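Q: Could you take a close look at one loop for me, and then walk outwards from there into the parts around it? I'd like one connected account rather than a list.

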Amino acid sequence: MNQLMQALNGARDILTLGGPVVVLLLLMSLVAITIVLAKMLQFRRVRINDRRSARQALKIYRSGNAAAAAASARRSPNPAARTLARAIQLRDRPDVPEPVLREEIMQYGGDMLESLRSHLRPLEVIAALAPLLGLLGTVLGMIEAFRDLEQAGSQVDPAVLSGGIWQALLTTAVGLAVAMPVIVALNWLERAIDRCAHEMDSVVTRVFTVDLARTSNVSLSDDDDERSHDTPFV
């Protein structure tokens with residue numbers, strides 16, 4: 001209980017010494033925490049790191065069972081799996097040109113990626129603005145400290161000057177403390193989205209391309225048959 005009271009008193013002192021700049025930085029940190037938690041819940045709901053579902057469905061599709069592959073992909077909330085299901089569904093429409101199908105699938109996947117990227121811009125703004133606000137608070141505090149020094153004239157107390165300086169530097173420290181975790185979280189979120197986008201592009205491309213491994217095996221089998229006819233002693 002005593003430690004909690006000391007922490008609250010310390011936070012109150014920081015707010016008092018830092019002034020409105022620190023208050024604004026703390027509000028920005030609360031906004032950033034809210035956005036990060038909301039995005040983590042969204043990523044968990046869509047299972048953004050799940051690559052097995054899409055690849056398993058792609059394997060089923062490559063085996064020749066398109067209906068089962070689409071059903072398997074639709075069971076997963078992962079964006080790559082959902083995009084794969086859409087690609088398989090549209091791939092079975094021979095009346096539509098392939099470029100049109102690709103555009104439709106890109107639009108479908110792009111909408112889901114845009115939903116994943118939503119509210120990341122405020123995090124970028126907070127990460128860039130927090131250090132600048134901290135620096136602004138320090139500059140304003142230094143101006144105030146030197147103004148008090150000027151008014152003191154010849155009766156300068158070094159303790160007053162040093163106290164004003166460390167109070168001014170407090171805002172820079174708070175600004176950096178807010179910005180650094182936000183930058184780390186923002187990079188983690190963007191990296192997760194980039195991996196998901198790459199997985200989406202990979203599985204969709206494999207839907208519209210032939211299985212080179214199977215083609216090579218078929219070609220080798222054909223060559224073996226021809227060789228068996230040409231060289232009966234082997």
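A: Happy to: let's start with Arg47, which sits in the loop between α2 and α3 (52–62). Bear in mind that this is a predicted model. What catches the eye at Arg47 is the backbone, as phi is positive, about 50°, although the residue is not a glycine. Is Arg47 buried, exposed or partly exposed? Its relative accessible area is 39%, and because the partly exposed class runs between 20% and 50%, Arg47 counts as partly exposed.

A second loop makes a good companion. His119 also has a positive phi, about 70°, without being a glycine. The loop that holds His119 lies between α6 (98–117) and α7 (120–152). At 53% relative accessibility, His119 counts as exposed, since the cut-off for that class is over 50%.

Now step back from Arg47 into the helix on the N-terminal side of its loop, α2, which spans residues 20–46. Helix α2 is the main contributor to a nonpolar patch on the surface, giving seven residues. The members of the patch are Val23, Leu24, Leu27, Leu30, Ile33, Leu37, Met40 and Trp188, and together they have about 750 Å² of accessible area. Leu24, one of the residues in α2, shows why such a side chain can qualify: with a relative accessible area of 39%, Leu24 is partly exposed, and patch residues need over 30%.

On the other side of the loop comes α3, and α3 leads us to α4. Which residues of α4 (residues 66–74) are buried? They are Ala66, Ala69, Ala70, Ser72 and Ala73. These residues lie on the same side of α4, because they cover an arc of only 160° around the axis. The general background is helical geometry: an α-helix has 3.6 residues a turn, so residues three or four places apart point the same way. The buried residues of α4 pack against α3 and α5 (79–91). At the N-terminal end of α4, Asn65 acts as a cap, with a side-chain oxygen 3.2 Å from the backbone nitrogen of Ala68.

Finally, the whole chain puts these pieces in context. The protein has nine helices and zero strands. Of its 234 residues, 33% count as buried. Among contacts with a separation of 6 or more, 79% join residues 24 or more positions apart. The protein exposes about 14900 Å², with carbon and sulfur atoms supplying 61% of that area.

Methods:
Residues numbered from 1 in each chain as written. Predicted model: local features only at pLDDT ≥ 70, side-chain atom pairs only at ≥ 80, totals over all residues. Heavy atoms only, no water. Patch = residues over 30% accessible without salt bridge, like charges linked within 9 Å, V, L, I, M, F, W, Y side chains within 5 Å. Areas by Shrake-Rupley, 256 points an atom, 1.4 Å probe, with all protein chains shown as cover. Salt bridge = Lys/Arg side-chain N within 4 Å of Asp/Glu carboxyl O. Helix = DSSP H or I, 4+ residues; strand = E, 2+ residues; numbered from the N terminus. Buried < 20%, exposed > 50% of the residue type's maximum accessible area, 1.4 Å probe, protein only. Arc of directions from axis to C-beta. Contact = heavy atoms within 4.5 Å. Polar contact = N/O pair within 3.5 Å; in protein donor to acceptor, adjacent residues only side chain to side chain.
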